[in-house]
Amino acid sequence: MNSIFLDREQARASQFEAVWNDQLDAVFADVAPYYDQANLVASFGLWNGWRRKFISTIDTRPGANVLDVCAGTNAIGIELLNKEPSLRVHAIDRSEAMQEVGRERAEARGMSIDSTIGDVHQLPFPDNHFDIVTLQFASRHLRLAQVLAEIKRVLKPGGWFHHCDMLRPGNRFVEEAYYIYLRMCLTVTARVFGSSETALDCRRYFIQALRMFYSPKELSELLAQVGFSEVAHQPIFAGMLAFHKARKTIAD
Ligand SMILES: C[S@@+](CC[C@H](N)C(=O)[O-])C[C@H]1O[C@@H](n2cnc3c(N)ncnc32)[C@H](O)[C@@H]1O
C-alpha cells in the first residue's frame, strides 16, 4: 500500500483507537433497541430506500455464501434474503446487543442468519470461503485497510465485495453543510430516543471520524491498493453516501 494511505490509516487509528476500543461497544449496546428507527428518522425516511438501492446493485445467485461484516441488526442480511431466499447468510459483529436485535428481526421474518460475535479485524473464517461480502455503515470505526485485506482473504477468487457508507464529500461546501446537518440529526435523535451520556459524548467523534475518512474516489483507490480489481463506485447525494463494489481477482 502506498505511503499516503498508510499515513492516513495510521492517523485515523492514533486519533480514534481509544473510542474504537473503549466506547463504541457501550454506544451500540445503548443504541441497539432503537437503531433502525433512529436511522429512519435521521434520514427523513430515506434509509430503507437507500438500503434497497444498495442491495439492487448486488448480483445474488441462488445458494451463494454471503458474509455481512459489522452486521449490526442484520438489515443487510434480511434485505438480501428478501431478494434471494436461498442465500446462506452469515453475520459478524462485535456487539452482542446489536446482533440480538438482528436475531429477533430475522426470526420474526422466518429467516436464518448465522451469527458470530467477534472483531472484524481478524475474520474467523477460512480463506476463499464466501461468494459475496458486504459492509455497510461501519468503516469509519475500523482500521479499514486491515479489514479490507481480511475481506479479500475470505472471498473466493472471483467473489465480490460490496460497500455502502456515508463518506467525506469531495466538495468543501457540501462537506461543511453535511456536518452541520449530521450534528443536528445526532442531537435530535439522541434526545428523542433518550440516548445514554456515552452515546451523546460520541457525537463529536462521529463527525471527526468522517472528517478524517475517505471520499468516494479515495475509497476506490484504497480498494485498488489492497489488491481488489474491477473497483467501481456510485456516489449518492453529492458523495455524502456511496456504493462501492470490488472483485477478488480470479488468479489471487
Ligand atoms: C452503525 S452500525 C452498522 C450496522 C449495519 N451494518 C447497518 O448497516 O445497519 C456499526 C456496527 O459496526 C460494529 N462494529 C464496529 N467496530 C467493530 C469491530 N471492530 N468488529 C466488529 N464489529 C464492529 C458495531 O458493533 C455496530 O454494530
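**Exercise 1. Work out how α4 and α5 are oriented to each other, and describe their contact.**

*Solution.* The conclusion to reach is that α4 and α5 are oblique to each other. Keep in mind that this is a predicted model.

Step 1: Start with the geometry. Helix α4 (residues 47-56) packs with α5 at an angle of about 60 degrees, and their axes are 10 Å apart.

Step 2: Compare the angle with the cut-offs. Roughly parallel needs an angle under 35 degrees, and roughly perpendicular begins at 65; the pair is therefore oblique.

Step 3: Add the handedness, which is right-handed for α4 passing α5.

Step 4: List the partners. Arg51, Arg52 and Ile55 of α4 touch Ala75, Glu79, Leu80 and Lys83 of α5. By class, this contact has three nonpolar, no polar and four charged residues.

**Exercise 2. Describe the packing of α8 with α3, then its packing with α10.**

*Solution.* Take one pair at a time.

Step 1: Helix α3 (residues 35-42) and helix α8 (residues 172-193) have axes 10 Å apart, at an angle of about 135 degrees. These two helices are therefore oblique to each other, and their crossing is right-handed.

Step 2: On the α3 side the contact uses Ala38, Val41 and Ala42, and on the α8 side Cys185, Thr189, Val192 and Phe193. Sorted by class, the residues are six nonpolar, one polar and no charged.

Step 3: Now turn to helix α10 (residues 203-211), which packs with α8 at about 155 degrees, with the axes 10 Å apart. An angle over 145 counts as roughly antiparallel, so α8 is roughly antiparallel to α10. Here too the crossing is right-handed.

Step 4: In α8, Tyr179, Leu182, Arg183, Leu186 and Thr187 meet Arg203, Phe206 and Ile207 of α10. This contact has five nonpolar, one polar and two charged residues.

**Exercise 3. Find the buried residues of helix α7 and say what covers them.**

*Solution.* Step 1: Within α7 (residues 144-154), the buried residues are Leu144, Ala145, Val147, Leu148, Ile151, Lys152 and Val154.

Step 2: Their cover includes the helices α1 (3-22) and α11 (216-226), along with the strands β1 (65-69), β4 (130-136) and β5 (155-166).

**Exercise 4. Characterise the shell around the ligand.**

*Solution.* Step 1: There are 20 residues around the ligand, and Cys70, Gly72, Arg94, Ser95 and Gln136 come nearest.

Step 2: The elements giving two or more residues to this shell are α2 (24-31) and α5 (75-83).

Step 3: By class, the shell holds eleven nonpolar, six polar and three charged residues.

Notes. Residues are numbered from 1 along each chain as its sequence is written. This is a predicted model: local features need pLDDT of at least 70, side-chain atom pairs count only at pLDDT 80 or more; totals for chains, interfaces and linings use all residues. A residue is near a molecule or strand if its C-beta atom, placed from the backbone, lies within 6 Å of it. Helices (H or I, at least four residues) and strands (E, at least two) are DSSP runs, numbered from the N terminus. Ala, Val, Leu, Ile, Met, Phe, Trp, Tyr, Cys and Pro count as nonpolar, Asp, Glu, Lys and Arg as charged, and the others, Gly among them, as polar. A residue is buried if 20 or more other C-beta atoms lie within 10 Å of its own, exposed if 12 or fewer, and partly exposed in between; C-beta atoms are placed from the backbone. Two residues are in contact if their C-beta atoms, placed from the backbone, lie within 7 Å. Axes are lines fitted to C-alpha atoms, for helices over the stretch in contact, and angles run from 0 to 180 degrees between N-to-C directions. Angles under 35 degrees count as roughly parallel, over 145 as roughly antiparallel, 65 to 115 as roughly perpendicular and the rest as oblique. A crossing is left-handed if the near helix is turned anticlockwise from the far one by less than a right angle, and right-handed if clockwise.
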